[in-house]
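Student: I'm new to this structure and would love a close look at a single part of it. Could you set the scene, pick one spot and walk me through what surrounds it?

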Amino acid sequence: MRKFTILLALLAFLGVQAVQAQQTITGTVTSAEDGSPVPGVQVVVKGTTQGTTTDLDGNYEITVEDEAETLVFKFVGMVTKEVPIANKTVINVTMEPEVKDIEGVVVTALGVSREKKSLGYAVQEVSSEDIEKTNQTNVINSLSGKAAGVNVSTSTGSFGGSSRILLRGVHSIDGNNNPLFVVDGVPMNNQNFNSYTTERGAGGVDWGNAALDINPSDIKTVSVLKGPSATALYGSRGANGVIMIETKRGEEQEGIGVTWSSNVTFSEVGKLPEYQNKYGGGNGPFGTVTVDGEEYRTAYYAMDQSWGPRFEGQEVVQWNNVYDWEQGITENLQTRPWEANEGNIRNFFETGLSLKNNIAFSGGDENHTFRLSYTNTNRTGVFPNSGLQKNNISFNGSSNLTDDFEVHANINYLNYHNKARPATGYSDYSHMQKFTQWGQRQFDFGLMKNYLNPDGTQRTWNRKSFTDPAPKYADNPYFIQHEAYPEQWRERVYGKIGFNYSITDKLKFTGNVKKDFYTDTRENRIPEGSVNISEFERDIYEVTEDNYELQLRYNTDLSEQISMNGLVGANRYDYSYKNNYAATQGGLSVPGLFATDNAKSTPTTSDAMREKRINSLYGRLGFSYKSLVFLDMTLRNDWSSALPEGNNSYMYPSVTGSFVFSDLDALQDYEWLSFAKIRGSWAQVGNDTDPYQTSLTYATYDSFDGSPRISIPNTLNNPELKPETTESIEGGLNLVFFNDRLGFDFTYYTESSYDQILTLPVTASSGYSSKIVNAGEIENSGIEIMMNVTPIESNDFSWDINVNWSQNDNQVVELAEGITNYQLASGPFNVTVSAAEGEPYGVISGSGYQYDDNGNKIVAGGMYAGTDAPINLGTYLPDWTGGLTNSFNYKGLDFSFTIDVRSGGSLFSTTKMWGTYSGMLEETAENNIREYGMVLEGVKPDGSPNDVAIHPQIKGLNHYFLDEMNIIETDYFKLRSVNLSYTLPANMFNSVPIQGLTVGITGRNLFMWGTDSKHFDPEHTTTSGNIQGIEGGGVPPTRAYGFKLDVKL
Amino acid sequence: MKGINKILTGFTVLAVLLLVGCTKDFEDINSNPNQPTKANNTYLMTNAQFQLMDVYWDEWFNGRCGMLWSQYWAQNEYTEESRYRARPTTDDNYWMEYYRALNDLQEIIRTNKNADNPNTNEVQVARILKAYFFQVMTDTWGDIPYSEALQGNDNLQPKFDSQESIYTSLNQELKDAQSKLDPEATQDVKGDMIYGGKVNKWKKFANSLRLRIATRMKDKAPGKAQTIYDNIADGDVFQSNDDNATFVWGTAVPNNNPLNEDQKTRTDFSVSNTMVNTLKDYNDPRLSVYAAPINDESSDEYVGMTYGLRNSQAAAMSNDNVSQPGWEVYRPDAPTILMTYDEVLFIKEEWNNFDGSYYKDAVKNNLKFWGVPADERAAYLNTLPDAPTQDEVYTQKWIALYMQGLQGWSHIRRTNTPDLDPPAGGIYESVATYMTEKDVPTRRPYSQNIYDLNRANLDEALNRQGPDQINTQLWWDVQ
């Protein structure tokens, strides 16, 4: 038996050996450049985790299974090599250094791929990883701090609100200054239909601009084309720059790739104003009321200021006590202690939760590719009851029907719903206005949560009086969030269908039909019992943009050294806009039924339609000499229906050149200089205007008791209107050292925009208030610098630093004859924002301090004296902006953070003005000034130092008269985003169908420092339009913390 | 190569044809589908009247200016206007609103000038209304563009006419217009919400307005004023309350009286103690019409609000304890009053040296206008003297002009009767640098719009009239 067992064992052993037949392979790895051995090279059996590394002499030894087919040799900085084993036992390998394609290929205007080195203008790219790291739902915000000359401003706490982006400053005084968004070649509508009232801070809802529909999860790259040279081929729509977005597409691969990504983000309110917590609401001592023979103290419920009695725990009948007693909830009239409720405002806000899930399928073979992706976003905001949901479906696919003929289609669908976002500005429904500019400091939000009485009426802290429960100025904020809220829906479809036909290998013919259309519905409701009359309004926008395009492209070599490329194209652009608005008047007949027909009076309606068409012809011709010198010329002509017949055609040319002097033979020995290019360009772009400005039409109004009304319009139209023109010159230098370990990109530009189409005010006694003219000139000049450094780069660890800095000098050179000041908006109080001759755009004007000859502020009667005439108080435009991004990568671990810097710029703060006037802010009660008064620093008119003590309530009044007291500088440093992620190594997944797994955490808008603003975030806007610089009742900023999981199957 | 040539040609033809050649659609595309390109004078007339009546009567131009500075009303909160603050946005807005609305009247006149078959009555009505509101504007601001105004692009820097020349021209305009009104004309005046196109009434209105103009200028230019007065026939002015020039509002939003709309959400105004106490002194039955009882109308008591308190003092008082304006002036269809019969009688009384010949008639008709019942009227008239003093006549006129804030304020400026107390809380800080407690504002400041856009002409006016302050006296305001 033992013999048999041994025989079996031997057989088994041999059998096993036979199944696992192995062999040992050895070899040496040397560098192809100089033959020296390369240590540390990874040698891996392809498709397995089995591997080894070369030793100091470049030698390796590896044992592989018989089935093994290929060895893979990998080393950083060298081209990876795959070698078939083919039963060899010695495999020696030479490895080539990886010549980094320093500049690579970029997609430029109209979807033409060009080598970046051949471009004469500045292009900045932001990769999808960088975008994902910021974890923003609005793609515009993810560009903040990432590229020089790109100025993004947004209110971080707004829920689906506007984001404004400016490339190289303001070009158009009255027209659009936003760049054009192009997604996969489809120009997208990015309009903002916020009312003028919202834009100037007088109250309303910030509904956002349409580019927020673009789904960050589908983005592969974002290219920023900044100056007219880059965008000349886009014509007038690209006059302010173009943000070109390419989405992810399918690739040739085995099987169908599936990626799934999940994001969970928490957001909470960030900076809130610093309030005083010593005195409660009212103005003077408590009142009294006698009930059932007992005397009680009462507060001044109706007063929305906080100059009342000091918090000393006194027993007072407060607002909730009155309601409880009135409604029979308590039998007797009760009281509550009069005490501070520090941090009470923060208690109103909730933690917002955002869930974003994306699943994408992609696949392809050598003739077809496709990608299908679905993203679901579900967010609740920091304001109670606020929520938004988004569904994006996107499909792209392409097929080579024959070797020469390719067809492709992109289709995207978006469904968006946003409910109960906060109103903004100086509105009765704007919470920050009610919490900070006015209010009472002893608010207890816990007591306010229950906002309805048993009889269905509202419980508000702002009762008219002890006997009158109706709201005086302010509703209960929970009532607003749950009952009196705005709601928005948007459905959007955009995409293109087209073909590419290679007539010969040099001549290509392409055609595309592109479409973007959406319906945007906005509703607002005010129920019975609110401080304002009940109301329901519905505003519907239907916007369509169609582009039909044909292009011929030609590439050829004219000689051995000179090559030529060119294109010729034609485009028709059709724009259509329809708006339908209806609102109840006089209140709702049936309470709680929110329909426009349910109006006590006839509902008011308004209805408008606008159309515009632009036909275009364009062409580009480019030459390159030895890939050393490049020259490009473009020419485009537009015919616009919005300009007067007979004068509606305008042409714009551009010339760009670049010289890659690092490729000169003379400089080849300088290995440290990897790439150097000098570039320059000149371009002209036209900009047309809105439809219907060229002929006279009359305005119509609601009829008066059956008699119709029309009126002469307030604006004189102009039958001789010309297009606006911008002319720009740009020059730059690109330098890359040490194989991209260090790089610089420097640009200088100067632009002049003239023949601005302005609606100029005319003196009212002419019978009109404005007329449309061509006038005015704006100049922009500036510098943009990008620098990237990789201080450490090894196999396992790398550290990248990216810095960008830009400065734009903007000046309104001239307006029109006799006009030196063009008002853009007036704030709800006191200040105006204008374009003023000789100043940067958007000057804030108001009363300023008076100074004596020694520069001391003059104080009269205890208060600062203000100038009679308004003075220039600054502009929102910054002096310079910059961004810094640090990334650290260790094997699969990735850590990066971005800091955003802004220097210069001013805001007029309505919050500061009213918050001081009404005794809400900390500085109105510090150091016992309410008891002993305060002495303002300055001199009396006679020159002696001021010694008059005033009550802080008088100082508050001073803020109301003297606008300069409310100006805030908008400098800041912000820690925009922090990202930590870990990608599990590929060799973990051999047995599982997963090909990649990444987990990460991100933080957003975490921290701000270096700011002058004590009470609110100086990064503030209520619109993506031109009116910037007036703050008031804006939503507080929010911080977000998120977790994400990406799986690739 | 042939194939390529074909393709290239085909492409070019395609491109040019399909995409570019069709600019002939452009005119269609750029014609505004939302608004008419031709005017309709009827609709222009209605709109002009609506806008002018709204602007003249609303809570800013009337409520926070005329009604306060003649001390008909007082403010319950944010009391700066009653203490003589002229808010700049008010002047900016209302300067523009008046001229824009007047431009609609000017358009009616313009289109008729070029028409084959002009509607002459329509033109005269437009001229009369224009004259009325140009007087309103000059009484508010002083020298204003008049003769060169409303010419659009043809004159964007109209000169400022002196108030004297404006008053002369206004009288001339009205005289000419009323003479050209033709009751036999074939075309009606349509869209007229004041008199429904009745030409006879417009004639009486024009002449009654000339009486107002003559009276206002009689201290400064007595000779001219007398000539005007003498040349207006008795039969050509208002004969009864049926002739009153008023604009009756609708009952429903948006056609309701602007003060009615304002009081729905705000309680800015109460009846001032000056008015309430005067009415109480007279035992005047109009008290219950002009004012509402206190305590939310659950009592019988009327208390006037102290005029001109400081903000903090006013806010500390409860609105329950003072009389709000009466529903008669706050109801949705309460009219904008342009001119009433009793004013004509008061004017005649004044020109007859206060001899009492028209006095009681004037008061009686005003009582009728306000709906005081006959027995109360008779009782009240019995308490009035047959031979009143000048002060008594002026005081009764002031009472009668209630709600016509600008007219009440003009009356005070001209006659200083009744003698108003200064604001109880002292006058507004920034005008205190150049006004004293005893001054009542004599005008409003010019709009910033003029400084920006018509500066040279404005400077000329300032040189002639005086500094742009609220205590600079207007031409007709002699004392």
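Tutor: Happily! Of the 1049 residues in chain A, 47% are buried (20 or more other C-beta atoms within 10 Å of the residue's own, with 12 or fewer counting as exposed, anything in between as partly exposed, and C-beta atoms placed from the backbone). Please keep in mind that this is a predicted model, where local features need pLDDT of at least 70 and side-chain atom pairs pLDDT 80 or more, while totals for chains, interfaces and linings use all residues. Residues are numbered from 1 along each chain as its sequence is written, and chains are lettered from A and ligands numbered from 1 in the order in which they are written.

Chain A holds twelve helices and 58 strands (DSSP runs numbered from the N terminus, H or I of at least four residues for helices and E of at least two for strands). Its C-alpha atoms fill a box of roughly 115 × 95 × 65 Å along the principal axes.

Now for our spot, Ala149(B). You can find Ala149(B) in the loop that runs between strand 2 (144-145) and strand 3 (160-161) of chain B. Ala149(B) is buried, because 24 other C-beta atoms lie within 10 Å. What does Ala149(B) contact, beyond its neighbours within four places in sequence? From chain A there are Ser765(A) and Gly767(A), and from chain B there are Tyr99(B) and Pro158(B) (contact means C-beta atoms, placed from the backbone, within 7 Å). As for Met45(B), 104 residues separate it from Ala149(B) in sequence, and the C-alpha to C-alpha distance between the two is 19 Å.

Let's step back to where the chains meet. In total, 63 residues of chain B are in contact with 64 residues of chain A. Several helices of chain B each supply at least two residues to the side touching chain A, among them helix 1 (2-20), helix 3 (41-57) and helix 5 (88-113). Helix 5 of chain B gives the largest share of that side, nine residues. Sorted by class, the side of chain B that touches chain A has 32 nonpolar, 24 polar and seven charged residues (Ala, Val, Leu, Ile, Met, Phe, Trp, Tyr, Cys and Pro are nonpolar, Asp, Glu, Lys and Arg charged, and the others, Gly among them, polar).

So, back at Ala149(B), you are looking at a buried residue with contacts in both chain A and chain B.

Methods:
Contact = placed C-beta atoms within 7 Å.
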